[in-house]
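The following exercises concern a single protein model. Please study the sequence and the structure before working through each solution.

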Amino acid sequence: MNIICPQCGFSRELPADRLPARAVIATCPKCACRFRFSAEAGVLETLDAPTARAAAPGEDDPLPPGAIVPGRSPEHTAAKTADTTEDGGGRRTESAPGQAEPEEEDIRRTASKAYAREAARLEPETERDAGHAVEANPWETAPGRDGWLAAFYQTVMRVMFAASRFFGALNPEAPQLRALSFYLVVCVFQTVVERFWGGMLLAIMAPSAATDPQLEKMLALLAPQTNLAMTLLLRTALLVLQLYVFSGLVHLAYRFVAPDRTSFPLVFQVMAYSSAPALLCVIPGLGSLAGMIWGLACMAVGCRAALRLNWPQTLLGFVPVCLVMAPMLLQLLSAVQS
């Protein structure tokens, strides 16, 4: 009588004198399927597989030796015979006991590749540049797995504390809308926070201004002339215009300093993401000033890393911006002194 595995179909002939008198559990060495077997009824039920097939007398497809059958131990079966496998031409070849079959090797190889892909997916997003690992831009792939807020926070941290690696990994083909949206979020946040701290300052100094005409006049000049919505609209539009103007000036300067390395998309992204330190405005007093200085430092480091420049070339690129900013700074200083 042949015992047939209901899972994979392999079978083994068992002499009649070794058939069990009662139902027993057999295990197929090929697929490890466990099934209940009876000499009178054949395969009664499977314990590990969803389908089953009863044994049919006369089938002579031999189960590879090592099968666990009633009345014979696995060690005895493995010692008596050797495993057999079919090659591409249908011929059977013997293999030593314990040797992995081609199907098992394919399964192991596929599982190994799948595990490697999953491990790579769970690692932090990185890119390779000049043989060194550089961190990617979370905002460019937002919302990603963690959402917009986490991507924004991670981008701010990388700009402020890992500027060289962050800007060195910028993609010149990335859409400018991503960088612009980051810049707009920072601008809106900065405007709201500075409006809040300005209102707090006016509220604190208002009692003293009642008896001091000079202070009252100064507070009148500092008081906002428009509501918050109009202030957001006007200031955001002005800052976006400033972003494009400064990016164009720096790009134009680099066209003369390093014409073979300049790229307006990269310069624009550096200028936009360098606004991240402006979030320090949440600190009253010196927060805005510290954020402006930190942002200028990020611009210099970013242009150097993104365009692969040296420091003299990097600083020469900011000469037009300094020439444009100088008159405004002088006017601001004169207004403060007066």
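A residue counts as buried under 20% relative accessible area, as exposed over 50%, and as partly exposed in between. The model used here is predicted.

**Exercise 1.** Determine whether Glu194 is buried, partly exposed or exposed.

*Solution.* The relative accessibility of Glu194 is 26%. This value falls between the two cut-offs, so Glu194 counts as partly exposed.

**Exercise 2.** Identify the residues that form a salt bridge, and state which helices hold them.

*Solution.* Searching the whole structure yields one salt bridge. Its partners are the side chains of Glu194 and Arg235, with an N to O distance of 2.7 Å. Glu194 belongs to helix H5 (residues 176-209) and Arg235 to helix H7 (residues 228-257), so the pair ties together parts that are 41 residues apart in sequence. Arg235, at 25% relative accessibility, counts as partly exposed.

**Exercise 3.** Describe the largest pocket and its lining.

*Solution.* Begin with the volume, which is about 2100 Å³ for the largest pocket. Next, consider the lining, which comprises 49 residues. Those nearest the centre of the pocket are Gln190, Glu194, Arg235, Leu239 and Met292; both salt-bridge partners, Glu194 and Arg235, are thus found in this group. Then assign the lining to helices: H5, H7, H9 (287-307) and H11 (319-337) each supply at least two residues, and H5 gives the most, with twelve. Finally, sort the lining residues by character: 32 are nonpolar, 14 are polar and three are charged.

Key. Residues numbered from 1 in each chain as written. Predicted model: local features only at pLDDT ≥ 70, side-chain atom pairs only at ≥ 80, totals over all residues. Heavy atoms only, no water. Salt bridge = Lys/Arg side-chain N within 4 Å of Asp/Glu carboxyl O. Helix = DSSP H or I, 4+ residues; strand = E, 2+ residues; numbered from the N terminus. Buried < 20%, exposed > 50% of the residue type's maximum accessible area, 1.4 Å probe, protein only. 1 Å grid on protein atoms, 1.4 Å probe; cavity = no way out; pocket = protein on both sides within 12 Å on 5 of 7 lines; lining within 4 Å. Points joined across faces, edges and corners; volume = space filled by probe spheres on them. Nonpolar A, V, L, I, M, F, W, Y, C, P; charged D, E, K, R; others polar.
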